[in-house]
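Trainee: I would like to learn how to read pockets, ligand contacts and backbone oddities in a model. Please take me through them in turn.

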Amino acid sequence: MSLDLIVRGGTVVTASDTFKCDIGVADGRIVQLATAITDEAAAIYDARGLLVMPGGIDSHVHLAQPSGEGVEMADDFASGTRSALFGGNTTVMPFCLQEKGQSLRAAVDAYHAKAHNNCLTDVSFHLIITDPTPAVLGQELPALIAAGYTSVKVFMTYEAMRLNDAEILATMDAARRAGAVMLVHAENEDVIRYLSDAHVQAGNIHAKAHASTRPIAAEREATHRALTLAEVVDVPVVIVHISNGPTIDEVSRARSRGQRVIAETCPQYLLLTKDDLSADGWEGAKYVCSPPPRDREQQDACWRGLETGVFDLFSSDHCPFRFDDTAGKKRPGGTFVHIPNGIPGVETRMPILFSEGVKKGRIDLNRFVALTSTNHAKTYGLYPQKGTIAIGSDADLTIWNPDLSRTIRHSNLHDNCDYTPYEGLEVSGWPVAVYLRGQLMMKDDVLLGSGSDGAYLLRPA
Ligand code: URP
Ligand code: ZN
Ligand code: ZN
């Protein structure tokens, strides 16, 4: 058999196994796994001494998303997927935001127009519902889910986007009937509004007030409520970007009642704390995201959640706004409530978890693959096309040097932001090559692919 590619001699790591083998690729798919492939191949990659893992899947990224009057997201599909690729990812899942009054189909068409011919990774959208009219829930949403847009996000916070409980229930019920999974950003907006008004009135307008106005209780309560609503209509629910132990406990309790709950955390809840928001001047704005980073005790709780299997997904929640920019973190207004929420991280997600998790003995290699790739594919209906190394799967392969040490510097990253929250962090382990459906997209820090290489992925309901 004539192959397009053999990846030879690497240590293959999946979510369940670690073994030495050659990988044969033809027509973008894995067609052979063997100790020594003898067939001819158009290209050989010598992976001896390296790990070969399924391409990373980051199922929580924001690209080119409208973010309010005068605010501009730093990354579009071109720069966001470039950054993702250099961080070892082959698929990203950005959000398609329905703006108030907009038809859902129009929102999807607009995002396709932004993504088309601009992606260096494969891409699949989650739908964000902000205007759950009878037409949206009764017609548009079921039609889009049937057409392959099978995950739906709602917000319980952010005044312009949040839904009330009745609207969330109706959206969840429509999603369940059509066979989609729900994602919820769970924070209690009334608590947040009450506390931020009080802070502003008292003149506490520094970035650090962002953390005090979004306390753990607001996240824990909203998570409990989201889980209750999901239980009532019996829909599987992803609680995104969990930041603390009491919220993790809510997830565990719901699971013990038999609920289908998927739990996600992100690098910011393992490495940052609320003290970062207290940095001098406006520097703290660099770390403003929601929920906010907490403290060491809650970092430990999140690590325990990763170690013990409570968390299924480790995503970046890449939501980049430039720091030195009035369309970003220096938005006019000068108080913490004017700072756009979100931080960049799609390129550093996998190196951070590898270095801080695998290298420090907190999780093993197989769990690393599960948390960064396989579980995302399983949760969102991409498995086994994506998220594993198996005969018939897409040849999305990340070749990883486990001993390559790097100091994270924004100047070496590939996004369009102007900072990284992890500047100066020493990490060990970095991707040295990435194949997307058998095509070499990046090797030794050199971009080889083009924006027409990324494909859009529809997913079965
Ligand atoms: O602060 C955050 N997380 N911004 C991104 C939008 C969201 O809430 O996921
Ligand atoms: Zn969110
Ligand atoms: Zn997000």
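Trainee: Which space is taken by ligand 1?

Mentor: A few conventions come before that. This is a predicted model, in which local features need pLDDT of at least 70 and side-chain atom pairs count only at pLDDT 80 or more, while totals for chains, interfaces and linings use all residues. Residues are numbered from 1 along each chain as its sequence is written, chains are lettered from A and ligands numbered from 1 in the order in which they are written, and side-chain values use heavy atoms, with hydrogens and water left out.

Mentor: On a 1 Å grid over the protein atoms alone, a pocket is an open set of points with protein on both sides within 12 Å along at least five of seven lines, a cavity is a set where a 1.4 Å probe fits but cannot get out, and lining residues have an atom within 4 Å of a point. A molecule sits in one of these if more than half of its atoms lie within 2 Å of its grid points. Here ligand 1 takes the space of the largest pocket.

Trainee: What volume does the largest pocket have, and which residues lie nearest its centre?

Mentor: A volume is the space filled by probe spheres set on the points, which are joined across faces, edges and corners. For the largest pocket that gives about 990 Å³. Its lining has 43 residues, with Ser-67, Tyr-158, Glu-159, Met-161 and Asn-341 nearest the centre. Strand S10 (151-155) and helix H5 (189-201) are the elements giving two or more residues to this lining; helices (H or I, at least four residues) and strands (E, at least two) are DSSP runs, numbered from the N terminus. H5 supplies the largest share, six residues.

Trainee: How many residues of each class line the largest pocket?

Mentor: Ala, Val, Leu, Ile, Met, Phe, Trp, Tyr, Cys and Pro count as nonpolar, Asp, Glu, Lys and Arg as charged, and the others, Gly among them, as polar. The lining holds 17 nonpolar, 15 polar and 11 charged residues. The shell around ligand 1 divides into four nonpolar, seven polar and two charged.

Trainee: Which residues come nearest to ligand 1?

Mentor: A residue is near a molecule if one of its heavy atoms lies within 4 Å of it. There are 13 such residues around ligand 1, and Tyr-158, His-185, Ser-290, Asp-317 and Asn-341 come nearest.

Trainee: What polar contacts does ligand 1 make, for instance with Asn-341?

Mentor: A polar contact with a ligand is a pair of N or O atoms within 3.5 Å. A nitrogen atom of ligand 1 lies 3.2 Å from a backbone N or O atom of Asn-341. One oxygen contact is with a polar backbone atom of Gly-342, at 3.3 Å, and another pairs an oxygen atom with a side-chain N or O atom of His-60, at 3.4 Å. Taken alone, ligand 1 exposes 270 Å², of which the protein buries 97%; the areas come from the Shrake-Rupley method with a 1.4 Å probe.

Trainee: Where is the cis peptide bond with omega of about -5 degrees?

Mentor: Most residues other than glycine have a negative phi, and most peptide bonds are trans. The bond between Ser-290 and Pro-291 is cis, with omega at about -5 degrees. Pro-291 belongs to the loop between helix H9 (268-271) and helix H10 (296-308).

Trainee: Which loop holds Asp-234?

Mentor: Asp-234 is in the loop between helix H7 (216-233) and strand S12 (237-239). Its phi is positive, near 60 degrees.

Terms used. Polar contact = N/O pair within 3.5 Å; in protein donor to acceptor, adjacent residues only side chain to side chain.
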